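Below are some comments on the model, set out as numbered points. They go from ring pairs to the core, then to one serine and a helix pair.

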Amino acid sequence: MSAGEGGVRPGPAPVAGAVPAPYEAPGQDDPVLTAVLTALTFPVLAASGAAVGLLSATGAGWLTRYWEAGPLAQVLGVAGLLALLGALYGLCRLCAWGARGVSGGVAFSLGFVAVAMVLTMYMPGGDIVLTGHLIHYGYLFGSMVVLAVAVVRGLRGSNPFLAGLPAASSPAARNDRA
């Protein structure tokens with residue numbers, strides 16, 4: 001009994017014309033189980049979006065703390081805003097990918113937007129967290145645009161980490177195997 005190159009025995013030869021069976025998770029074709037898991041996932045992702053909205057709005061509030069210090073502080077504030085929006089995009093795409101559908105990104109976005117709207121309300125003592133500053137408007141409108149783009153890109157079902165490669169469960173990947 002001899003081993004092949006590198007000490008690994010070769011496996012059986014593939015059958016000509018055979019299509020390899022893709023790995024399928026148990027219960028993947030069960031519509032009831034899929035609906036139940038989606039219904040359980042939606043509130044968790046909405047709460048996660050709300051928590052991220054609260055933390056990132058507080059972070060956006062701090063971006064203007066030293067705005068009057070000069071151009072360097074302003075450039076750093078804008079760079080911080082762009083980093084915050086990039087992280088928000090990545091989180092929303094990750095939620096859509098993890099939920100294997102657009103519902104994950106939508107749930108995350110709804111939780112985020114609900115908290116962002118509450119934090120922009122005006123109270124008799126002043127604004128809650130986000131004021132009428134240019135960076136705060138950039139945060140509000142930028143986050144809405146970033147979330148919308150992330151949800152729309154999540155419709156394709158592609159892996160957010162491997163741009164351009166189809167996901168294993170997408171119809172395009174199944175058609176390529178056939």
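1. Aromatic pairs. In this predicted model, searching the whole structure gives two aromatic pairs. One of them joins Tyr-137 and Phe-141, whose rings are stacked, with 6.4 Å from centre to centre and 15° between the planes. The angle falls under the 30 degrees limit, so the pair counts as stacked.

2. Setting of that pair. Both Tyr-137 and Phe-141 belong to helix H4 (residues 134–154), where they are four residues apart, about one turn of the helix. Are these two rings buried or exposed? Tyr-137 is partly exposed, at a relative accessible area of 42%. Phe-141 is exposed, at 58% relative accessibility. Burial requires a value under 20%, and a nonpolar core takes buried residues, so neither Tyr-137 nor Phe-141 qualifies for one.

3. The core. The largest nonpolar core contains 24 residues. Leu-81, Cys-92, Phe-108, Phe-112, Leu-130, Tyr-139 and Leu-147 have the most contacts inside it. At least two residues of this core come from each of helix H1 (31–62), helix H2 (71–98), helix H3 (102–119) and H4. H4 gives the largest share, seven residues. As a general point, nonpolar side chains tend to be buried together in soluble globular proteins.

4. Phe-108. Which residues does Phe-108 contact, once neighbours within four places in sequence are left aside? The list is Leu-45, Ala-46, Ser-48, Gly-49, Val-52, Leu-88, Leu-91, Cys-92, Cys-95 and Leu-147. Among these partners, Cys-92 and Leu-147 are also named with Phe-108 as having the most contacts inside the core.

5. Ser-143. This serine lies in helix H4 and is buried, with 0% relative accessibility. Where does the side chain of Ser-143 reach? One polar contact goes to the backbone oxygen of Tyr-139, at 2.8 Å. Another goes to the backbone oxygen of Leu-140, at 2.9 Å. Apart from neighbours within four places in sequence, Ser-143 touches Leu-85, Leu-88, Phe-112 and Gly-138. Tyr-139 and Phe-112 both appear among the core residues with the most contacts.

6. H1 against H2. The H1 and H2 axes come within 12 Å and cross at roughly 175°. That angle is over 145 degrees, so the two helices are roughly antiparallel to each other. On the H1 side the contact is made by Leu-45, Val-52, Ser-56 and Ala-60, and on the H2 side by Leu-84, Leu-88, Leu-91 and Cys-95. Phe-108 is in contact with residues from both sides, including Leu-45 and Val-52 as well as Leu-88, Leu-91 and Cys-95.

Notes: Residues numbered from 1 in each chain as written. Predicted model: local features only at pLDDT ≥ 70, side-chain atom pairs only at ≥ 80, totals over all residues. Heavy atoms only, no water. Phe/Tyr/Trp six-rings, centres within 6.5 Å; stacked < 30°, edge-to-face > 60°. Buried < 20%, exposed > 50% of the residue type's maximum accessible area, 1.4 Å probe, protein only. Core = buried A, V, L, I, M, F, W, Y, C linked by side-chain atoms within 4.5 Å. Contact = heavy atoms within 4.5 Å. Polar contact = N/O pair within 3.5 Å; in protein donor to acceptor, adjacent residues only side chain to side chain. Axes fitted to C-alpha atoms, helices over the stretch in contact; angles between N-to-C directions. Parallel < 35°, antiparallel > 145°, perpendicular 65-115°, else oblique.
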